[in-house]
Amino acid sequence: MEDTVAHSPDSMTAPVFEHPDRNLAMELVRATEAAAIRAVPWIGRGDKNGADGAAVNAMRTFLATVAFDGVVVIGEGEKDEAPMLFNGEHVGNGRGPSCDIAVDPIDGTSLTAAGRQNALSVIAVADRGTMYDPVDAFYMDKLVAGAEAHGVISLEQSIGDNIRELARAKGKDVGEMVVAILDRPRHAELIDEIRSAGAGTRLMRDGDVAGGINAARPETRIDLCVGAGGTPEGVITACAIKALGGFMQGRLAPQSDEEHRKVVAAGHDLERILGLDDLVASDNTYFVATGVTDGQLLDGVRRNGPLIRTESIVLRSKTGTIRRVIADHRSDKWLETQA
């Protein structure tokens, strides 16, 4: 995924102009759009596996057309026992840059099944061999914030100290601070500590990728995203945080004796704090997401008469570019008539 240089026909040594490498993200967005659209008939139907299967099939079909040689580092096979987009699978047409790819056809399958907000279709890409491979490690503690957090907060500090130090760096009162965290029993004590420190919480049912991204965006009310969530989602989030110039740390946090045994057997260090460069070493990352249901980050898929409208966000760390893509699709090309 390196830049290429065009040369004069008279000289193969003197560069005439330099152009950036192909922006894969603008091709990858077609795959997240397809996954989000295919999930629409399953929204609110109570069948998260049906929604996920439809999204996986659509994403895989479109990825096959993209001009790159991608290897799935984080896929749909191991954790969720899904049949396709498995870890180690090659995707793309095999021509173009060699990349690591992480996919989550629906980040928030339970949200989709229930018709709740904040479900996304997500793809992250980085240079080959640079993406952290969370073998047998399904959960990690995460700490995500904006650029002000660099050198200020750490997983080694208490949540109270992190809130106070980040508030000082942002020039805010602690009482104005808002912390996003998954609403899980395992977080009951941490939620109490956040509130005891004087900050407010935004409890998320699912979808901590969106929570982490919102914590790094200056235009949102979220200042910090914390708690134990999926390790695969953590790596995906890291690709986005690099593009946003934000801060992120992670530390593996097995949630069962069986997971703990497997994580240790895989050679992971449970004490190690993983920074952004540990989660994704490349400085040329891509992050693409399309809204499935409405949320703080993106609007969900909407039917407007004969059209389907999607909203996507496209991030690239190398250029620091943040794009929003609004697309209208003819519904008769996508959705089957529902009985």
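Where is the place of Asn118, in which loop and between which helix and strand? The legends below concern a predicted model, and the answer is given with the view of that residue.

**View 1. Two non-glycine residues with positive phi, Asn118 and Asp136.** Asn118 sits in the loop that runs between helix H3 (109-114) and strand E6 (120-127). Its phi is positive, at about 80 degrees, although Asn118 is not a glycine. Because its relative accessibility is 26%, Asn118 is classed as partly exposed. Asp136 is found in the loop between E6 and strand E7 (139-145), and Asp136, likewise not a glycine, has a positive phi of about 65 degrees. With a relative accessibility of 21%, Asp136 is also counted as partly exposed, the lower limit of that class being 20%.

**View 2. The chain as a whole, for orientation.** The chain holds nine helices and 16 strands, and of its 339 residues 53% are buried. Among contacts in the chain with a separation of 6 or more, 67% join residues that are 24 or more positions apart. The surface that the chain exposes comes to about 14,900 Å², of which carbon and sulfur atoms supply 46%.

**View 3. The largest nonpolar core, with Leu279 and Phe287.** In soluble globular proteins, nonpolar side chains tend to be buried together. The largest nonpolar core in this model has 45 residues, and Leu279 and Phe287 are those with the most contacts inside it. Helix H7 (residues 231-244) gives the most to this core, contributing eight residues. A second, separate core has 38 residues, including Leu28, Val56, Cys99 and Val314. Leaving out residues up to four places away in sequence, Phe287 touches Val122, Ile123 and Ala124, then Val209 and Ile213, then Ile236, Cys239 and Ala240, and also Ile313, Val314 and Leu315.

**View 4. The largest cavity and its lining.** A search of the whole structure finds one cavity of 30 Å³ or more, and the volume of the largest cavity is about 40 Å³. Its lining is made up of Lys142, Ile181, Leu182, Met204, Asp208, Cys225, Val226, Gly227, Ala228 and Gly229. Strand E8 (178-182) and strand E10 (224-230) each provide at least two residues of this lining, and E10 provides the largest share, with five residues. By residue class, the lining of the largest cavity divides into six nonpolar, two polar and two charged residues.

**View 5. Lys142, a buried lysine in strand E7.** Lys142 belongs to strand E7 and is one of the residues that line the largest cavity. Lys142 counts as buried because its relative accessible area is 6%, and the cut-off for that class is under 20%. Apart from residues up to four places away in sequence, Lys142 touches Leu155, Asp208, Cys225, Val226, Gly227, Gly229, Gly230, Glu233, Gly234 and Gln249. Lys142 and Ile181 stand 39 residues apart in sequence, and their C-alpha atoms are 9.8 Å apart in space; Ile181 is likewise listed in the lining of the largest cavity.

**View 6. The second largest pocket.** The volume of the second largest pocket is about 300 Å³. It is lined by 16 residues, of which Asp141, Leu155, Leu190, Val226 and Gly227 are the closest to its centre. E7, helix H4 (159-170), helix H5 (188-196) and E10 each supply at least two residues of the lining of this pocket. The lining of the second largest pocket divides into six nonpolar, five polar and five charged residues. Val226 and Gly227 also appear among the residues that line the largest cavity.

**View 7. Asp104 and Ala210, two buried residues.** Asp104 is found in strand E5 (residues 98-107) and is buried, its relative accessible area being 8%. Not counting residues up to four places away in sequence, the contacts of Asp104 are with Glu76, Leu120, Ser121, Val122, Glu233 and Ile236. Ala210 lies in helix H6 (residues 208-216), and at 4% relative accessibility Ala210 counts as buried. When its neighbours within four places in sequence are left aside, Ala210 is in contact with Asp107, Leu120 and Leu297. Ala210 and Leu297 are 87 residues apart along the chain, with 6.4 Å separating their C-alpha atoms. Leu120 thus appears in the contact lists of Asp104 and of Ala210.

Key:
Residues numbered from 1 in each chain as written. Predicted model: local features only at pLDDT ≥ 70, side-chain atom pairs only at ≥ 80, totals over all residues. Heavy atoms only, no water. 1 Å grid on protein atoms, 1.4 Å probe; cavity = no way out; pocket = protein on both sides within 12 Å on 5 of 7 lines; lining within 4 Å. Points joined across faces, edges and corners; volume = space filled by probe spheres on them. Helix = DSSP H or I, 4+ residues; strand = E, 2+ residues; numbered from the N terminus. Nonpolar A, V, L, I, M, F, W, Y, C, P; charged D, E, K, R; others polar. Core = buried A, V, L, I, M, F, W, Y, C linked by side-chain atoms within 4.5 Å. Buried < 20%, exposed > 50% of the residue type's maximum accessible area, 1.4 Å probe, protein only. Contact = heavy atoms within 4.5 Å. Areas by Shrake-Rupley, 256 points an atom, 1.4 Å probe, with all protein chains shown as cover.
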